[in-house]
Each structure stands twice: as structure tokens, then as C-alpha cells.
Amino acid sequence: MSSPSSVPRLVVAAPSSGSGKTTVATGLMAAFAGRGLAVSPHKVGPDYIDPGYHALATGRAGRNLDAYLCGPELIAPLFLHGAHGCDLAVVEGVMGLYDGAAGEGELASTAQVAKLLRAPVVLVVDASSQSRSVAALVHGFASWDPEVRIGGVILNKVASDRHEELLRDALDASGVPVLGVLRRAARIGTPSRHLGLVPVAERRAEAVEAVAAMAEQVRQGCDLDALYALARSAGALPEAPWEPPVSGTGARDVVAVAGGPAFTFSYAEHGELLTAAGAEVVVFDPLRDERLPDGTAGLVIGGGFPEVYAAELSANEPLRKAVTELALGGAPVAAECAGLLYLCRELDGQPMCGVFDASARMSERLTLGYRDAVAVSDSVLAVAGTRMRGHEFHRTVVEPAAGAAPAWGVRAPVRRVEGFVQQGVHASYLHTHWAAAPGAARRFVERCRTS
């Protein structure tokens, strides 16, 4: 087992989305775990779905590293926190290697995270429509930023032995070794829909098979020994691991956290922060549980796909009534995106909790992007004027978009207010990462004690 600051690590990146990062990263995680290594899984950016597959591959919580939401200064500490006690860490990148927050240079890019972690990069290249040109592509990515160390290439979608020979010959002069070759294969069973891959919680048996197939593909096509040696070349990090600040002592109030197939979006650190603040975190499933956990003093409803399960959520009338009673009774409730939809009067015509007099529906328009926000109203998460960075990712619309006391004021892409603050409820489309504002969890749990 390595010391926390020098855990062997790799960043799996690509020239663009669709090159095979998820297959390679998840396959590497599972293949190394299959060798008996404790593997720490990470994902660059705000994505909630890939970490579910990472967790399945490693048996550990998938964690996000987002320099926009948390700030560059927290990337290494959060990484070290997640990788504590592990033999290897694999970090899956986002989009293309150098793609980050729009208009913000390298901020939140895979390249920035790799530099902050002092980690070598493995570039996954879709070679399906090229041969000698692959050398120019790899050379360009390897030389673009001298602080980014591309330690090897994995060639994906290679057609034949002859195709592989041409690619290897071309890359010989590049100075970047080929660490794996994956042949064209039938698509591994990871179906997608309107917001990306279908989460693990909705298809666990099939997801287990998909991860096993990724692992086998990587075992057959990649030089695992060379990849592990590359990971071990990463130097020590000077930062200390992040730890959730402990503030709660004595009796613990129950904070119920929505889970199950309809509410799969959450960051591992949120539960850790709530626990450190003095809460007993209990997960429940709004699709199946007809009552809230015993002693519930506060409720957290994160993101997910309630639009896919609107009829089933609506049919669980006992739980909807319990949620409404809790919220209208003044208990603290934090709802993000899917949670917001669940608290509305209706979703696509199906009755929901009715905490707000608002209607939600599916839309043709995808709303996606990072957001700079400021709290408009005092709430269980923040005092008015608190600045926070968040992320939106949905194909739904809520009408009206804000209540009499909005949750956030958002500056871009257009100035607007959104969300609802009502009694102890804070509900919004904005996904936030509480590690960047640990006071949010502390404030929430304190409100549990006094409501």
C-alpha cells in the first residue's frame, strides 16, 4: 500500500468525446481490481453516471474532481482523500484532453487536473479512420502543453493486424509508447438516453456484465504491467488530504437521503460532510419506501431521472404525503434538479409532492453548463449573498422557474433567478459540490436540530 501522497495514478484522456475513455478507464479499474489491487476511481468534471460504473468496477465510491465547482486548490486534497489506503488510482477524463469550462481557458479540463495531480496521462485514440496520421495527432497532443505528460497511448477500434502494424510504425517516431490496442468490437452493453449512460442503479445486473466485458477487453488488449509502472512514476503530492470538518457531537439527527433508481446523482463527499456535521445519514428509495426513515429530521433529494419514473413516483402516494408534511412542517429540505421536480405540483401531468405550486415537464431543449450563482434568499444551505458555483444538466422545464423567494441568481448565459426557498426548503436546478462550501452541510444539520 502506498503513502497517501504518492499513490500510483493514471489519468485516462482522449482527443475528443466518444473515443473510448469510459470503456478503457472502467476496464482498467476492474482489471487492476481483479489483480487484487485496491483501486481508487475518479472522474474529471461534474458527471454523476460514470462514477457509478467506476464504483461497480472497484468496490469503492466513485469520486469527482471538478476544478470549476471546487476550485483548483481542492483537486489534489480531494483526490488524496478518496485514494487513501489504495494501491492505484485511475482518473477518467472529460471531453477532449484540453477541453474545459467554456471561455475559461484550461479551467476544469482533464489537462488541468492531470497537472494538479502530477499524474501521467494515457491518451485513448479512436484509430478507426486513420493510420499514419495518428502520429501527427499524438504529437500535437503531447507537445501542446509541456506540463502535461502523455506517458502512453491506447489505440481503440483497430480493425486488423495490418491496421495495428501501420499505427505502431507511425507512432514509433513519436516517442509515446503504445500501451494497448483494442480491436473493433460489438458495443459493450452500456445504453444511453437523453442525459448520457443509463445509471448502474437502474440496470445493475446488466451493468455488472458490461463492466466485466470492459475488464476483459482491457486485459486482452493492454499491457497492464507497463501501465502500472507508468502510474508508479507519478511523484508525491505536497498537499494534505481533504477531510470533512467535524462539528457535530452528541445525539445524531437523521437526515434522509433519496436514492434508488430515480435519484442516483450524488457526490460521495456530501454524505461525509453531513455525517461530520453530526447527522445520521439514512438512504431511502422514493419508488419503493412508503414512509421516510424513522426519526427523519431533514431531507436531501439529489439529482436523477424522476421523469423516467414519474408514474411510479406518483403512485407512491403515502411517501409523497410524508415528504409534503415534513416540508410544510418546516424541516430542512435540500433538493437539486430531480429533487426540485419531485417537490413540484406535477411532473408531465403526474401528481408529485406539491410542496411548490409549480409544474414540471420534459422539454426538447438540453440545458447544460457551469453556472456562477449567488444565493438570493436566506436558506437552510446559505445566507443571502453567498456565492457558489454549480452545474445544470437537464431536459426539463419548471414553470414558474422561481418562487417568491428564489434560491439563486445566475449570471450566465443570461441573468435570471431560479429555484425556491420556502420555510425550510431549498430547491433548485443547480447541482453544487458541498466540499467547496462545507458550511452548507453544517448549516443544514444545525437547522435539523432546531426545526
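1. In this predicted model, helix α9 (residues 224–232) lies across five strands: β1 (9–13), β4 (88–92), β5 (121–126), β6 and β7. The helix runs at about 110° to β1.

2. The strands crossed by α9 are found in an open sheet of seven strands, with parallel pairing and the order β3-β2-β4-β1-β5-β6-β7. At the edges stand β3 (63–65) and β7 (178–183); each has a single partner strand, so one side of each has no neighbour in the sheet. From one strand to the next, the twist averages 25°.

3. The partner of edge strand β7 is β6 (residues 150–158), and the two pair in the parallel sense over four bridges. V158 has R183 of β7 as its bridge partner.

4. The largest nonpolar core contains 114 residues, and F79, L97, L117, L155 and W434 have the most contacts inside it. Helix α1 (residues 21–34) supplies the largest share of this core, seven residues. Leaving aside residues up to four places away in sequence, L117 touches R9, L65, I75, A76, F79, V91 and L237. There is also a second, separate core of 38 residues, with Y309, A331, L343 and V425 among them.

5. Helix α14 (residues 439–450) has twelve residues, which at 1.5 Å a residue should span 16 Å; the end C-alpha atoms are 17 Å apart, in agreement. Its buried residues are A440, A441, F444, V445 and C448. They cover an arc of only 125° around the axis and therefore lie on the same side of α14. These buried residues pack against β10 (253–258), α10 (268–276), β11 (279–284), β12 (296–301) and β13 (333–336).

Terms used:
Residues numbered from 1 in each chain as written. Predicted model: local features only at pLDDT ≥ 70, side-chain atom pairs only at ≥ 80, totals over all residues. Heavy atoms only, no water. Core = buried A, V, L, I, M, F, W, Y, C linked by side-chain atoms within 4.5 Å. Buried < 20%, exposed > 50% of the residue type's maximum accessible area, 1.4 Å probe, protein only. Contact = heavy atoms within 4.5 Å. Expected span 1.5 Å × (residues − 1). Arc of directions from axis to C-beta. Pairing = 2+ DSSP bridges. Axes fitted to C-alpha atoms, helices over the stretch in contact; angles between N-to-C directions.
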